[in-house]
Amino acid sequence: MLALAMVGTSACIIIHTPAVPDDATPIPGWSEEKYQAGKMIATLVDRDRRFACVQSPAVMEYTAGTQHVKAKEEIVAKRPGNLRVEAMSPFGVALLLAAQGSDLAIFEPAQNRFMRGQANADTLYKYVRIPMAPTDAVGLLMGLAPSDFPLSTAPDLVSKNGDMTIATFGNSTSGTRELGFTDGNLAMVRETGADGRVSYEVSYSDYHDIGGVTFPYVVDATFPAAGSHVTFRYLRPIVNGVIPDSTFVLTPAPGANVINLSLDDGNTFSNPG
């Protein structure tokens, strides 16, 4: 009986299996591609938590139909939706735009014209060539996934396009949101409507390590509905630097013509202060 008890005890010891680390093998039922895509999405989520702001001189190039604009800009973007863009000309600052929360201000020094209104996609498209609300525009400029992408859920499909791994959320009925990864970095963001039309597509390239985080020096965005294409090439980006909130606040210069962009008739009135 003692021998039998010892045998039984030994059997229990032999069949005991220690827990396997979570990242040792792919999740049961997942393909290797989905497993790897999940790891890259998790890295993107972690990167999202670590990025607060970026500031850099940049070269902006914009095309729409026969229109082509190329200019040097100073860009400051701070999450969640603070943005400042200074467009330069050979004679100095041609246009200065600042958005903070729901407020937006634009100053054109050559005309001494100051405009204020709502920070929305229409205004950003008209003045900085990005048809997005400030929050999404800031994410675009910083190489982050849009806030409405469901990164907390598993992708519905994972596919390969050359060296790019593409994680797709949604389907042809509801529309899709796609993230493309190359060498572990975010290389593409694309949103397609239920009608099959691409709303926008943004690609990121030329990644550099800045203080332990990778950052894309080239942001290339296409907006089919607006028929426009814009490229930003950063020159000397600073990530997570100290940027005071006052950076995103503009006040009219003395004697400036002040325009309220929220008024339907575009009424212009003299600077009261």
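Student: In this predicted model, in which loop is Ser147 found?
Tutor: The model is a predicted one, and Ser147 is exposed in it, with a relative accessible area of 62%. Ser147 and Thr135 are twelve residues apart in sequence, and their C-alpha atoms are 8.2 Å apart in space. As for its place along the chain, Ser147 belongs to the loop between α4 and β7 (157-161).

Student: How many helices and strands does the secondary structure of the protein come to?
Tutor: The protein has 273 residues, of which buried residues make up 39%. Among its contacts with a separation of 6 or more, 45% are accounted for by residues 24 or more positions apart. The secondary structure of this chain comes to four helices and 16 strands.

Student: Which residues of helix α3 (residues 121-128) are buried, and why can they be said to line one face of the helix?
Tutor: An α-helix has 3.6 residues a turn, so residues three or four places apart point the same way. In α3 the buried residues, seen down the axis, fall within an arc of 95°, so they line one face of the helix. The face turned away from that buried side carries the exposed residues Asp122 and Lys126. The buried residues themselves are Thr123, Leu124, Tyr127 and Val128.

Student: Against which elements do the buried residues of α3 pack?
Tutor: The residues concerned are Thr123, Leu124, Tyr127 and Val128, which are buried in α3. Their packing partners include the helix α4 (134-142). The partners also include strands, and the list in full is α4, β3 (82-89), β4 (92-100), β5 (103-108), β6 (113-118) and β13 (228-234).

Student: At the start of α3, which residue has a side-chain oxygen that reaches the backbone nitrogen of Asp122?
Tutor: Asp122 is one of the exposed residues on the face of α3 turned away from its buried side. Its backbone nitrogen has a side-chain oxygen within 3.3 Å at the start of the helix, and that oxygen belongs to Asn120.

Student: Over the ring of which residue does the charged end of Arg129 sit?
Tutor: Arg129 follows α3 and has a positive phi, near 70°. The charged end of Arg129 lies 4.5 Å from the centre of the ring in question, which is that of Tyr62.

Student: What is the angle between the ring planes of Phe51 and Phe215, and why is the pair tilted?
Tutor: A search of the whole structure finds two aromatic pairs. In the pair of Phe51 and Phe215 the ring centres are 6.0 Å apart, and the angle of the planes is such that the pair is tilted, because planes under 30 degrees apart would count as stacked and those over 60 as edge-to-face. This pair links distant parts of the chain, with Phe51 in the loop between α2 (32-50) and β1 (53-64) and Phe215 in strand β12 (residues 213-223), 164 residues apart. The angle between the planes is 50°.

Student: Which residues form one aromatic cluster?
Tutor: Phe51 and Phe215 are both buried. Phe215 also forms a tilted aromatic pair with Tyr234, at 5.4 Å centre to centre and 55° between the planes. That pair links strand β12, which holds Phe215, with strand β13, which holds Tyr234, over 19 residues, and Tyr234 is buried with a relative accessible area of 2%. The cluster is formed by Phe51, Phe215 and Tyr234.

Student: Is Asp183, whose phi is positive, buried or exposed?
Tutor: Asp183 is a residue other than glycine, and its phi is near 55°. Its place is in the loop between β9 (175-182) and β10 (185-192). At 76% relative accessibility, where the cut-off for this class is over 50%, Asp183 counts as exposed.

Student: What is the omega of the peptide bond from Arg79 to Pro80?
Tutor: Pro80 lies in the loop between β2 (67-78) and β3. The peptide bond that leads to Pro80 from Arg79 is cis, with omega near 10°.

Student: Which side chain is joined to that of Glu32 by a polar contact of 2.6 Å?
Tutor: Glu32 has its place in helix α2 and is partly exposed, with a relative accessible area of 40%. The C-alpha atoms of Glu32 and Val158 are separated by 9.8 Å, although these residues are 126 residues apart along the chain. The polar contact of 2.6 Å joins the side chain of Glu32 to that of Gln36.

Notes. Residues are numbered from 1 along each chain as its sequence is written. This is a predicted model: local features need pLDDT of at least 70, side-chain atom pairs count only at pLDDT 80 or more; totals for chains, interfaces and linings use all residues. Side-chain values use heavy atoms; hydrogens and water are left out. Buried means under 20% relative accessible area, exposed over 50%, partly exposed in between (1.4 Å probe, protein chains only). Helices (H or I, at least four residues) and strands (E, at least two) are DSSP runs, numbered from the N terminus. The arc is that of the directions from the helix axis to the C-beta atoms. Contact means heavy atoms within 4.5 Å. A polar contact is a pair of N or O atoms within 3.5 Å; within protein, one must be able to donate a hydrogen and the other to accept it, and residues adjacent in sequence count only if both atoms are side-chain atoms. Rings of Phe, Tyr and Trp (its six-membered ring) pair if their centres lie within 6.5 Å; planes under 30 degrees apart count as stacked, over 60 as edge-to-face and the rest as tilted. A charge sits over a ring if NZ of Lys or CZ of Arg is within 6 Å of the ring centre and within 35 degrees of the ring normal.
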